[in-house]
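Dear colleague,

I am passing on the structure we spoke about, and would be glad if you could open it before reading further. My notes on what was found come after it.

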Amino acid sequence: ARSGLQEGKVNILLLGVDKRVEDVNRSDTIMVVTVDVKTKETSLLSVPRDTWVKIPGRKWDKINHAHMYGGQKLVQQTVEELLGIPIDYYVSVDFSGFTRLVNAFGGVDLEVDERMYYTDPYDDLVIDLQPGMQHLNGDAAIQYVRYRNGDGDIGRIARQQKFLKAMLDEVTSPSILIKLPGIVKEARSMVETDLSLNDMAGLAKLLKEAKEQGIKTDILPGIPMDLHEISYWIPDIMATRDYVAQNQGFTQDVAYRSASKRLAAEFDQAVQYEIEAMRLEALQAAAEQESDESEGKDDKAAASKSKSSKSKSKSKSSKAAIERDPRTGL
């Protein structure tokens with residue numbers, strides 16, 4: 001990480017962690033905020049939690065499982081290898097910290113697009129929000145950013161980005177800026193980060209200028225795909241690297257381009273392997289079903305033959321009794 005927000009592009013990893021007492025912790029929200037310290041241009045790239053990646057030292061899996069395997073450090077390493085850029089800082093917050101953080105800033109004004117209602121007894125989750133413009137406190141805000149409907153995780157990402165923009169309006173409002181030093185110090189206890197208090201205060205001031213220019217938001221290029229009846233987001237590596245180069249303001253040299261092509265080929269090979277595995281599973285299942293149907297017909301034939309033999313055995317008691325092979329049913 002760089003020592004202070006000095007110059008150039010600064011990349012900050014934002015993690016929203018689903019922390020449960022008796023369960024593993026997954027990073028269900030993964031975003032990379034890029035701030036140009038000089039021009040104040042700011043962008044936010046959301047990485048879907050279902051993104052299919054090769055987690056360093058592990059297997060191909062959803063990127064949100066990286067936190068379960070190795071915490072923030074492994075998530076950061078995975079993101080760095082996926083995007084091909086260094087992450088300078090990270091900010092990680094769990095649901096409780098997020099709720100307290102929103103309350104520390106006095107809540108957020110936001111228009112809720114639709115009626116949101118969802119319950120999950122296992123997760124002790126109740127989402128109950130009415131549509132319309134309203135002021136969301138911490139409890140309501142966590143409901144908003146966690147809500148999923150028919151549009152799945154991509155729709156939730158759009159809502160999270162919308163919320164962060166609304167949150168930025170609150171953070172950079174005159175009433176908050178006056179109290180910023182105290183709020184930043186308080187917020188430091190609600191999140192895990194390697195940003196210093198001075199860096200956090202400096203970042204808040206940078207974001208005030210960035211807001212006036214508008215913050216660009218994007219989602220990692222890719223497509224949805226089901227593998228073994230599990231939903232994944234398959235990243236388009238070349239499109240991702242093109243986006244990153246433009247966003248970071250550098251020209252892709254031969255080495256960077258070659259590394260991107262190798263990574264893209266590795267992703268393609270891994271996906272094709274899983275598709276072939278699914279094809280073989282489907283063929284095996286079809287063969288087993290055909291075998292079961294065949295055994296059913298053989299059972300009927302054997303039963304019919306057994307009845308016929310029994311009738312013959314009445315008149316010819318010297319005939320050996322017919323027994324069924326328990327392995328084949330014959």
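The notes below take up confidence first, then the aromatic residues, and then one helix.

Please keep in mind throughout that this is a predicted model. The protein chain has an average pLDDT of 86, and 86% of the residues score at least 70. Over residues 312-322, however, the pLDDT is below 50, and this stretch has 2 contacts in the model beyond near neighbours in sequence. The pLDDT also stays under 50 over residues 324-330, although for these the model has 10 contacts beyond four places in sequence.

Turning to the aromatic side chains, a search of the whole structure finds 5 aromatic pairs. One of them is formed by Trp-60 and Phe-267, which meet edge-to-face at 5.0 Å centre to centre, with 85° between the planes. Because Trp-60 belongs to strand E5 (residues 60-62) and Phe-267 to helix H9 (residues 254-315), this pair ties together parts that are 207 residues apart in sequence. Phe-267 is buried, its relative accessible area being 6%. Another pair, Phe-98 with Phe-163, is tilted, with 5.5 Å from centre to centre and 45° between the planes. Here Phe-98 lies in helix H2 (residues 95-104) and Phe-163 in helix H4 (residues 152-171), so the parts tied together are 65 residues apart in sequence. Both partners are covered, since Phe-98 counts as buried at 15% relative accessibility and Phe-163 is buried with a relative accessible area of 1%.

Trp-60 and Phe-267 also belong to one aromatic cluster together with Trp-52 and Tyr-232. Over the ring of Tyr-232 sits the charged end of Lys-62, 5.6 Å from the ring centre. A second arrangement of this kind involves Arg-241, which lies over the face of Tyr-256 at 5.2 Å from the ring centre.

Arg-241 is also among the buried residues of helix H8, a helix that is mostly covered, with 9 of its 12 residues buried. What span should the 12 residues of H8 (residues 237-248) have at 1.5 Å a residue? They should span 16 Å, and this agrees with the model, because the end C-alpha atoms are 16 Å apart. At the start of H8, a side-chain oxygen of Asp-236 reaches to within 3.4 Å of the backbone nitrogen of Met-238, while the residue that follows the helix is Gly-249, whose phi is positive, near 75°.

With best regards

Conventions
Residues numbered from 1 in each chain as written. Predicted model: local features only at pLDDT ≥ 70, side-chain atom pairs only at ≥ 80, totals over all residues. Heavy atoms only, no water. pLDDT = per-residue confidence, 0-100. Contact = heavy atoms within 4.5 Å. Phe/Tyr/Trp six-rings, centres within 6.5 Å; stacked < 30°, edge-to-face > 60°. Helix = DSSP H or I, 4+ residues; strand = E, 2+ residues; numbered from the N terminus. Buried < 20%, exposed > 50% of the residue type's maximum accessible area, 1.4 Å probe, protein only. Lys NZ or Arg CZ within 6 Å of the ring centre and 35° of its normal. Expected span 1.5 Å × (residues − 1). Polar contact = N/O pair within 3.5 Å; in protein donor to acceptor, adjacent residues only side chain to side chain.
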